[in-house]
Amino acid sequence: MNKEVLINAGAGEIRVAIVEDGRLQELFLERLIGLDDGALRRRGGRSGHSLIGNIILGRVQRVLPGMQAAFVDIGLDRAGFLGAREARCLADLPGFEEDRAPRIGDCVHEGDEVLVQVVKDPIGEKGARLSANVTIPGRLLVLVPNQPGIALSRRIEDETERARLVTLGESMIAEGNGSLVRGAGYIVRSAAVASELPDLREDAERLAEAWRPVVAKRQSARPPATLYHDLDPVERTMRDEVDAQTSQVLIDDREAMEAALAYCRRAMPDAESKIELFTGPGMLFDVYDLEEEIERLTEPRVPLPSGGWITIESTEALTAIDVNSGSFTEATGLEEISLKVNLEAAHEIGRQLCLRGIGGLVVIDFIHLNESENIQKVLEALALSLAKDRTPTQISGMSEFGLVEITRKRIRDPLVKLMTECCHPCHGRGRRRTRESVALEIIRRVEREAAATPGKPVVVRAAPDVVRWLCAHEDEVRTGLARRGLARVSFQAREEFDREGFDVGTAA
């Protein structure tokens, strides 16, 4: 497998694409514009800015015994949600059963200061999901300050290697000599496979250096206060996505490349040689033909190689996926046609769920199959397509009506909600791109135009509401463009353009 990591550190957002054997497999977006504290408070941490991993000193607002949960003020418009199971490390109840959550009233009380971590971004009208069992991830290990011992990633499957890593982890803790966090535990990540004791110890010492400021800040902080931010998108990509299968990491921004190199020197020196600066010709994602594919990720229909397709439609309750054979008629009979199209769909569905960030309940309506052997083949193909997904998933069997249910943990808003919004003229029956999405596309187009015509000023003509958004964030836009070597741009509002229409060109 040839795995490439592409980082487009644009003026308006950072986009990370994971390409395996020439095909887009994962996509991450982190927006850089319009995320000042006021905007973040108003939007509850949305608009592409993830809060996951942040450690916050919050204050308990309400304790709801009926829900076995508490609401915690973490500095956003909506309070965070802390369930009893996620709060049990706060319970002073010696001997309570590990597989059973204590009562929420045993863990927190109204007015308490609590150290919590965001484990799920605010989604829709729901606040962030919190956990009191805070963790800090490193390259090889995850520090768990409140839970001693060694645990291993489920993705490490070899039993001999699992036993070896547990032994190394226990030795590392025993030989800590004060350089590690006292009483803490560790989760060994899949990246640690084949690592030796010095590698684990070095990673654990870096994690201790990251944890000590959190402890120090807590002594003087007043809630709500963020005490720890996870790594920025570029460093996080190096930590979580670059592995032994990665052949190269292409970054189209020198400052971002320097950040990636600095992280490698600290945490993963073997990966430093894989980092390259992309200087053209053209734009990075254009060279890999990714822009059109990313654009299609907000469309419901996904074509299949045979001529069939799948249709993906989401509601508040669930996401429905319909499999259609379309024009495919090359097989010898109906069962063979259905099997071939269903197998293609099963292989594609896991990839689409990951790329689109779809979570919650997913119901797939496969084409009806009569033979149990063929049904099993489809289920195995579906399981295989989901196997690479780090987000927890579960798959049901196929019902007599050809339905298969999947649950995929919701972590943040899906891509369609990030990039589009309900269309008011059609009373919410359709969606259109948000002002932010159109503005960020314009910024990318400005970069492309400026690269093609160096030295010439660029003029943007767009819909009034999009230009208003650009002007409201003009300082951030111009700073981002200047970082990319582009500063001469002007914006003109034109009534003849609708929301998604615009023109980018050079001045006459």
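This report describes two open sheets, the cavities and one exposed loop residue in a predicted model.

Residues are numbered from 1 along each chain as its sequence is written, and side-chain values use heavy atoms, with hydrogens and water left out. Because the model is predicted, local features need pLDDT of at least 70 and side-chain atom pairs count only at pLDDT 80 or more, while totals for chains, interfaces and linings use all residues.

**Sheets**

Helices (H or I, at least four residues) and strands (E, at least two) are DSSP runs, numbered from the N terminus. Two strands pair if DSSP finds at least two bridges between them.

Four strands form an open sheet in the order E9-E10-E12-E11, and the pairing is mixed. Strand E9 (136-137) and strand E11 (149-152) are the edge strands, each pairing on one side only. Two bridges join E9 to strand E10 (residues 141-144) in the antiparallel sense. Pro137 has Val142 in E10 as its bridge partner. Across E10, E11 and strand E12 (185-188) lies helix H4 (residues 159-174), which runs at about 150 degrees to E11. Axes here are lines fitted to C-alpha atoms, for helices over the stretch in contact (heavy atoms within 4.5 Å). Angles run from 0 to 180 degrees between N-to-C directions.

A second open sheet has three strands in the order E25-E24-E26, again with mixed pairing. Its edge strands, each paired on one side only, are strand E25 (489-493) and strand E26 (502-506). From one strand to the next, the twist averages 20 degrees. Strand E24 (residues 458-462) and E26 run antiparallel and are joined by five bridges. Val459 has Gly505 in E26 as its bridge partner. Helix H14 (residues 464-472) lies across E24 and E25, at about 145 degrees to E25.

**Cavities**

Rolling a probe the size of a water molecule over the atoms shows where empty space is left. A cavity is a set of points, on a 1 Å grid over the protein atoms alone, where a 1.4 Å probe fits but cannot get out; lining residues have an atom within 4 Å of a point. Grid points are joined across faces, edges and corners, and a volume is the space filled by probe spheres set on the points. The structure holds four cavities of 30 Å³ or more.

| Cavity | Volume | Lining by class |
|---|---|---|
| Largest | about 100 Å³ | three nonpolar, one polar, eight charged |
| Second largest | about 70 Å³ | three nonpolar, two polar, seven charged |

In these classes, Ala, Val, Leu, Ile, Met, Phe, Trp, Tyr, Cys and Pro count as nonpolar, Asp, Glu, Lys and Arg as charged, and the others, Gly among them, as polar.

The lining of the largest cavity includes Glu13, Arg15, Arg31, Glu291, Met419 and Arg444. Strand E2 (13-20), strand E3 (23-31), helix H9 (291-296) and helix H13 (435-452) each give two or more residues to this lining. Among the residues lining the second largest cavity are Arg15, Asp252, Phe285, Glu291, Arg444 and Arg484. Helix H8 (284-287) and H13 are the elements that give two or more residues there, and H13 supplies the largest share, three residues. Arg15, Glu291 and Arg444 therefore appear in both linings.

**A loop residue**

Glu400 is found in the loop between strand E20 (393-398) and strand E21 (403-408). Glu400 is exposed (over 50% relative accessible area, with a 1.4 Å probe and protein chains only; buried is under 20% and partly exposed in between), at a relative accessible area of 67%. Its C-alpha atom is separated by 20 Å from that of Ile349, 51 residues apart along the chain.

Technical notes
1 Å grid on protein atoms, 1.4 Å probe; cavity = no way out; pocket = protein on both sides within 12 Å on 5 of 7 lines; lining within 4 Å.
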